Amino acid sequence: MTVKLYDKDAYLTNCKAKVLSCTSAENHSFLVVLDQTVFFPEEGGQTPDKGTINGLEVIDVQIKDDVITHTVKADGEAVAFREGDTVSCELNWDHRFSNMQQHTGEHIISGIVYKRFGYDNVGFHLSDSIVTMDYNGPISAEDLSKIEEEANRYIFEGRVITTGYPSKEELDALNYRSKKELSGSIRIVEIKDVDICACCAPHVKNTTEVGLLKILDATTYKGGIRISILCGMRALYHYRECLNRCISISQLTSRPQEDIVSAVEQQKEVQGQLQQQIFSLQQTLLKKEADLVNPKEEDVLLFTENTDTNIIRYQINALTLSHPGYCAIFNKNEAGYNFIVGSKEKDCNELASILRDKFHAKCGGKSNMIQGSLSASSEDIKSIFP
Ligand SMILES: [Zn+2]
């Protein structure tokens, strides 16, 4: 059993420990078991602590049957540590403290959700990039805003957070939240008048240290809701990024920040109108080209550029009414040409074979119409249409 120093004191950033075992593992790493540790392992949906042991980077920490195994990176070392060695454990405190803030934020939200709706926290995930909690019931956007405000009020009020192992009698009298059926001694984390929960992880000792809590997103999940939050510096960094995006959009649209949504909406509307105009101009242009073709011609071959496929197909259908042979339109794009060929009387699949043989065209369709793409010059394409 490894002595969990973080259990008693979440603010302990380093310790000396005795090496109980050290075995080599893959990719120049070693699995290290110590008599005691400051490193919180991966547990309860939370990713493990980071830091160093005697200067070697700790890349993973796992717990099994109360034995904590640290994975350290030791490039080029034959042996990382020897059994009986005394080593120095140094925690990456910024990382740990951020995890303590996020985790405590989760307790505050879960306590409020439990009190207001009676929902259980049925899932939790805390990594370096996300913090999500799942509840077994729906919550409206309006209620989420109220929960967020209540959570931040508790943070500003500086509620004391205590941890301990109550006796069985004390536990029986306690209404505490728990994700699973627990046995043995149960660690209880209490945020005064906000939440009481069974939990093994490190938390801050006063809600003020959470700094700020922001709900980012909520989605329906397994009939309930998944909420993602950020606390402390993570919330500040996120706010900074959002503000920088607002400033950029404000500069790009030459409008004050409070007007950027309507500015983007207007631009989207203008873009839609322009696309309509381009569509209609392309249609007129292609029709004019088609009108210039001698009505007595059996086959028709036209070239165009960056024209909408629907316009081309419409024009092919119109051409086939007065020209019984192949009616083809080749549309130039960055890669070469895409094309549609239609015919009332000729078999377009025969032309498809020729286009495949001569130009490695990718095409398919039916005898009355084929569609495809190829890479060739307009002169080469013209040469196969007599
Ligand atoms: Zn906890």
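Me: What makes β19 and strand β20 a pair, and in which sense do they run?

Reply: In this predicted model, β19 and β20 (residues 369–374) are joined by five bridges in the antiparallel sense. Pairing requires at least two bridges, so the five found between β19 and β20 satisfy the criterion. Within this pair of strands, Cys363 stands opposite Gly372 of β20.

Me: Why are β16 and β19 called edge strands?

Reply: The open sheet has five strands in the order β16-β17-β18-β20-β19, with mixed pairing. β16 (300–305) and β19 (362–366) each pair on one side only. From one strand to the next, the twist averages 15 degrees.

Me: Which strands does helix α7 touch?

Reply: Helix α7 (residues 309–320) packs on the sheet and touches β16, β17, β18 and β20. Its direction makes about 160 degrees with that of β17; angles over 145 count as roughly antiparallel, so α7 and β17 are roughly antiparallel.

Me: How do you know that α2 and α5 are roughly perpendicular?

Reply: The axes of helix α2 (residues 93–117) and helix α5 (residues 232–253) cross at roughly 90 degrees and come within 7 Å. The range for roughly perpendicular is 65 to 115 degrees; α2 and α5 therefore receive that description. Ser98, Asn99, Gln101 and Gln102 of α2 make the contact with Gly232, Met233 and Arg234 of α5.

Me: What makes Asp49 and Arg96 a salt bridge?

Reply: The closest N and O atoms of Asp49 and Arg96 are 2.8 Å apart. The cut-off is 4 Å, so the pair qualifies. Asp49 lies in the loop between β4 and β5 and Arg96 in helix α2, so the salt bridge ties together parts 47 residues apart in sequence.

Me: Why are Asp49 and Arg96 called buried?

Reply: Buried means under 20% relative accessible area. Asp49 has 2% and Arg96 has 1%, so both residues are classed as buried.

Me: Why does Asp66 count as partly exposed?

Reply: Partly exposed covers the interval between the buried limit of 20% and the exposed limit of 50%. Asp66, at 31% relative accessibility, therefore belongs to this class, and Lys4, at 25%, does as well. The side chains of Asp66 and Lys4 meet in a salt bridge of 3.0 Å, N to O.

Me: Why are Arg245 and Glu241 separated by about one helical turn?

Reply: Arg245 and Glu241 are four residues apart in helix α5, and this spacing is why their separation is about one turn. Their closest N and O atoms are 3.7 Å apart, which is within the 4 Å limit, so Arg245 and Glu241 form a salt bridge.

Technical notes:
Residues numbered from 1 in each chain as written. Predicted model: local features only at pLDDT ≥ 70, side-chain atom pairs only at ≥ 80, totals over all residues. Heavy atoms only, no water. Helix = DSSP H or I, 4+ residues; strand = E, 2+ residues; numbered from the N terminus. Axes fitted to C-alpha atoms, helices over the stretch in contact; angles between N-to-C directions. Contact = heavy atoms within 4.5 Å. Parallel < 35°, antiparallel > 145°, perpendicular 65-115°, else oblique. Buried < 20%, exposed > 50% of the residue type's maximum accessible area, 1.4 Å probe, protein only.
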